[in-house]
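Got the viewer open? Here is a short tour, one selection at a time, with a note on what to look for at each stop.

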Amino acid sequence: MNLSAPTTVIFWISVILFILSLVAQYAGIGDMLYLKPVHWSWLAWIVLAAGNVMKGL
């Protein structure tokens, strides 16, 4: 498996998703969102991992 650095766009998308999970957790709006805060943080991790595994993403 060849790992590569994610593009800047993928990195910032994952950062925004993780910040959304933190805001949802600590601002108390987690129940208003479709996904729970832990799911938003997992989604951020998956996006970042996909950016590392897939070349050119």
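**The whole chain**

Among contacts (heavy atoms within 4.5 Å) in the protein between residues at least 6 apart in sequence, 62% join residues at least 24 apart. Before you go on, know that this is a predicted model, where local features need pLDDT of at least 70 and side-chain atom pairs count only at pLDDT 80 or more, while totals for chains, interfaces and linings use all residues. Residues are numbered from 1 along each chain as its sequence is written, and side-chain values use heavy atoms, with hydrogens and water left out.

Show everything as a cartoon. You'll see two helices and zero strands; helices (H or I, at least four residues) and strands (E, at least two) are DSSP runs, numbered from the N terminus. Taken along the principal axes, the C-alpha atoms fill a box of roughly 40 × 20 × 15 Å.

Now switch on the surface. About 4,400 Å² of the protein is exposed, and carbon and sulfur atoms supply 74% of that area; accessible areas come from the Shrake-Rupley method with a 1.4 Å probe, and for residues only the protein chains shown count as cover. Of the 57 residues, 18% count as buried. Buried means under 20% relative accessible area, exposed over 50%, and partly exposed in between (1.4 Å probe, protein chains only).

**The helix pair**

Select residues 8-26 for α1 and residues 37-53 for α2. Two packed helices are described by the angle between their axes and the distance between the axes. Here the angle is about 170° and the axes are 8 Å apart, which makes α1 roughly antiparallel to α2. Axes are lines fitted to C-alpha atoms, for helices over the stretch in contact, and angles run from 0 to 180 degrees between N-to-C directions. Angles under 35 degrees count as roughly parallel, over 145 as roughly antiparallel, 65 to 115 as roughly perpendicular and the rest as oblique.

Which residues make the contact? On the α1 side, pick out Ile10, Phe11, Ile13, Ser14, Leu17, Phe18, Leu20, Ser21, Ala24 and Gln25. On the α2 side, add Pro37, Trp40, Ser41, Leu43, Ala44, Val47, Leu48 and Gly51. Colour them by type and you get 13 nonpolar, five polar and no charged residues. For that split, Ala, Val, Leu, Ile, Met, Phe, Trp, Tyr, Cys and Pro count as nonpolar, Asp, Glu, Lys and Arg as charged, and the others, Gly among them, as polar.

**Two serines in α1**

Click on serine 21, in helix α1. Is serine 21 buried or exposed? It's buried, with a relative accessible area of 4%. Leave aside its neighbours within four places in sequence, and serine 21 is in contact with Pro37, Trp40 and Ser41.

Next, move to serine 14, also found in helix α1. Serine 14 counts as buried too, at 5% relative accessibility. Not counting residues up to four places away in sequence, serine 14 touches Ala44, Val47 and Leu48. Zoom in on its side chain: a polar atom there lies 2.7 Å from the backbone oxygen of phenylalanine 11.

**Across to leucine 48**

Jump to leucine 48 in helix α2. Leucine 48 is partly exposed, at 27% relative accessible area. Beyond its neighbours within four places in sequence, its contacts are Pro6, Phe11 and Ser14.

Now draw a distance line from leucine 48 to isoleucine 10. The two are 38 residues apart in sequence and 6.6 Å apart in space, C-alpha to C-alpha. Isoleucine 10 sits in helix α1 and counts as buried at 13% relative accessibility. Try tryptophan 42 as well: it is 32 residues from isoleucine 10 in sequence and 15 Å away in space, C-alpha to C-alpha.

**Last stops**

Select tryptophan 12, placed in helix α1. Tryptophan 12 is partly exposed, with a relative accessible area of 47%. Its C-alpha atom is separated by 9.7 Å from that of alanine 44, 32 residues apart along the chain.

Finish at lysine 55, in the segment after α2. Lysine 55 counts as exposed, at 77% relative accessibility. From there, look for threonine 7, 48 residues apart in sequence and 9.5 Å apart in space, C-alpha to C-alpha.

How values were computed. Polar contact = N/O pair within 3.5 Å; in protein donor to acceptor, adjacent residues only side chain to side chain.
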